[in-house]
Structure formats: structure tokens, C-alpha cells
Amino acid sequence: MRQSMSQFEVAFEQETTLERRRREQLRRRAANRSRTRRMNRAEQEGKVRFSVLAVCLTVTVAVVVVAMFEALAWLMG
């Protein structure tokens, strides 16, 4: 009986250790997935922001050029 109880305790400790390792591994994997998703999201948002900035700058340049030529035509006319 004592030997079987001792074996049971050893098996329980081993199972507990394995379970602890598995939980830690799952926690690490989840953290890595979360970090990867966060980085991908930030990269995508950066691309969108850059595109919006480029469009705004292009529109600003076009408006300023048209306004300058209209003002020049008005002054010369």
C-alpha cells in the first residue's frame, strides 16, 4: 500500500510538472500570437496613414498650383 501510494505521489508530481510546462508553453504561444497580431495591425495602420498623407499632400499641391496660376492669370489680365 505504501509503495503504491508513493508511486501515486510520484506520478502525480510528474503529471503536475507536465501540466505546468504545458500551461506555460500555451501562455507563451498566446503571447507570441498576440504580439504578432499587434505588430501586423500597427504595420497595416501605418500603411493606411501613409497613403492618406500622400493623397493629402498631392491634393494640396494641386490646389496650390491651380490657385497660383489663377491668381497670376487674374493679375496679368
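Ala42 sits in helix α1. This is a predicted model. Ala42 is partly exposed, at 45% relative accessible area. Computed along the chain in residues, Ala42 and Ser6 are 36 apart. In space, their C-alpha atoms lie 54 Å apart.

**Salt bridges**

The count of salt bridges comes to four. The table lists three of them, including the pair Arg22 and Glu19.

| Pair | Closest N to O distance | Spacing in helix α1 |
|---|---|---|
| Arg22 and Glu19 | 3.1 Å | three residues |
| Arg27 and Glu24 | 2.6 Å | three residues |
| Lys47 and Glu43 | 3.8 Å | four residues |

Arg22 and Glu19 are about one helical turn apart, because three residues separate them in helix α1. Lys47 and Glu43 are four residues apart, so about one helical turn lies between them too. Arg27 and Glu24 are also spaced by about one turn of the helix.

How exposed is Arg22? Arg22 is partly exposed, at 45% relative accessible area. Its partner Glu19 is partly exposed at 25%. Arg27 is partly exposed at 49%, and Glu24 at 33%. Lys47 is partly exposed at 47%, and Glu43 at 46%.

Glu24 and Arg27 belong to a wider set: together with Arg28, they are linked in a network of salt bridges.

**A nonpolar patch**

Helix α1 covers residues 2–76 and includes Trp74. Trp74 counts as exposed because its relative accessibility is 69%, and exposed means over 50%. Trp74 helps make a nonpolar surface patch of about 870 Å². The other residues in this patch are Val61, Val65, Phe69, Leu72, Leu75 and Met76.

Note on methods
Residues are numbered from 1 along each chain as its sequence is written. This is a predicted model: local features need pLDDT of at least 70, side-chain atom pairs count only at pLDDT 80 or more; totals for chains, interfaces and linings use all residues. Side-chain values use heavy atoms; hydrogens and water are left out. Patches are made of residues with over 30% relative accessible area and no salt bridge: like charges are joined within 9 Å, nonpolar side chains (Val, Leu, Ile, Met, Phe, Trp, Tyr) within 5 Å. Accessible areas come from the Shrake-Rupley method with a 1.4 Å probe; for residues, only the protein chains shown count as cover. A salt bridge is a side-chain nitrogen of Lys or Arg within 4 Å of a carboxyl oxygen of Asp or Glu. Helices (H or I, at least four residues) and strands (E, at least two) are DSSP runs, numbered from the N terminus. Buried means under 20% relative accessible area, exposed over 50%, partly exposed in between (1.4 Å probe, protein chains only).
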